[in-house]
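Reader: I've just opened this one and I'm new to it. Could you walk me through how the labels are earned?

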Amino acid sequence: MKFGITIPNNWGVEDPQQVLALGPLAEELGYDSLWVMDHLFNTGYIRERLEDRPYYHPLATLSYLAATTKRINLGTSVLVRPYHNPVELAKYAATLDQISGGRVILGVGAGAMAEEFLALGIPMRRRGLLTDESIAIMKELWTNPYPSYHSRRWEFSDLRFSPKPLQKPHIPLWVGGSSTGALRRAANQGDGWHPTGLSPEEFSMGRREVRELAVAAGRDPDGLTMSVRMEVEMGEIPPNPPLRRGAGGISSASARTANRARVPGDDPAAIIAAIEAYRSVGVEHIVLAPNSGDVPGLTATMERIAKRVLPQFR
């Protein structure tokens, strides 16, 4: 089993050097992967949390970390695909894969924040189609010497595209989300499934569906990496029991947090039990996501997990 950790590019840390210093620390502590998140505007629940404090660009952050780390994988959890031009993103990601020595994992999703789609002028109702087309375009650019693509929105042929990714056949694409569309996308187009905040029971049901859909699409389900992002609660644990999804809506930051499975960051025994529960239902790569911009607290949590949790699984 492999272990990732998120760094707080999305938690309003005023000094970016404090965020960036957590990358080499994660590598030193023995984590397998390092992850950042993606939003372009501080709107909706992001604004509730940050107002006008910094939310650093995920790929710019990973580009810096590619130069200050040597072995740890660099991932997005997840990049909202409709927000980004697929050709530009394919070039940026391929360049990052080259300069990092083939360490990129591109987690991608269709997005769900209506306010941000509206602000970007992107039709939210078409986000599924835009995501599917964008994935297909990136794969075409990464793998075909003379890439071409033809649809109502995109039209190109007989072009050269470089650099190609260092990883072959291309950068791994892990599909986020747990909707019907996300499960189908992971099965049909993805190299892995990477939902956020599902309980082990929910993950088990989703994993089974992804694998069945992959078989129906003529793909080998064993070729899909099964991953989950699990929230690590840095403050007082909410009233919802750990690893259970809360009731409530999704109109506020607190409601979104309550709706995700989580474990208390100061309780190694609870984290071990949670990881074991996920491992028992087929999780191969777990990404731990401390939900705080308190850098000293994050550092202590990362060190505690590395010393008291990870050795139990290695």
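Author: Let's begin with exposure: buried means under 20% relative accessible area, exposed over 50%, and partly exposed in between (1.4 Å probe, protein chains only). This is a predicted model, where local features need pLDDT of at least 70, side-chain atom pairs count only at pLDDT 80 or more, and totals for chains, interfaces and linings use all residues. Residues are numbered from 1 along each chain as its sequence is written, and side-chain values use heavy atoms, with hydrogens and water left out.

Reader: Why is Glu51 called partly exposed?

Author: Its relative accessible area is 41%, which lies between the two limits, so Glu51 is partly exposed.

Reader: What makes Arg47 and Glu51 a salt bridge?

Author: A salt bridge needs a side-chain nitrogen of Lys or Arg within 4 Å of a carboxyl oxygen of Asp or Glu. The closest N and O atoms of Arg47 and Glu51 are 3.1 Å apart, so the pair qualifies. Arg47 is partly exposed too, because its relative accessible area is 46%.

Reader: How do you know that Glu233 and Arg262 form one as well?

Author: Their N to O distance is 3.6 Å, so they meet the salt-bridge rule. The pair links distant parts of the chain, with Glu233 in strand S9 (residues 225-233) and Arg262 in strand S10 (residues 262-264), 29 residues apart. Strands here are DSSP runs (E, at least two residues), helices are DSSP runs too (H or I, at least four), and both are numbered from the N terminus.

Reader: Why are Glu233 and Arg262 called buried?

Author: Glu233 has a relative accessible area of 11%, so it is buried. Arg262 has 0%, so Arg262 is buried as well.

Reader: What makes Arg314 exposed?

Author: Arg314 has a relative accessible area of 51%, which is over 50%, so it counts as exposed. Arg314 also forms a salt bridge with Asp32, with the closest N and O atoms 2.6 Å apart.

Reader: How do you know that Glu116 and His39 make a polar contact?

Author: A polar contact is a pair of N or O atoms within 3.5 Å; within protein, one must be able to donate a hydrogen and the other to accept it, and residues adjacent in sequence count only if both atoms are side-chain atoms. The side chains of Glu116 and His39 are joined at 2.5 Å, so the distance fits. Glu116 lies in helix H5 (residues 114-120), and at 0% relative accessibility it counts as buried.
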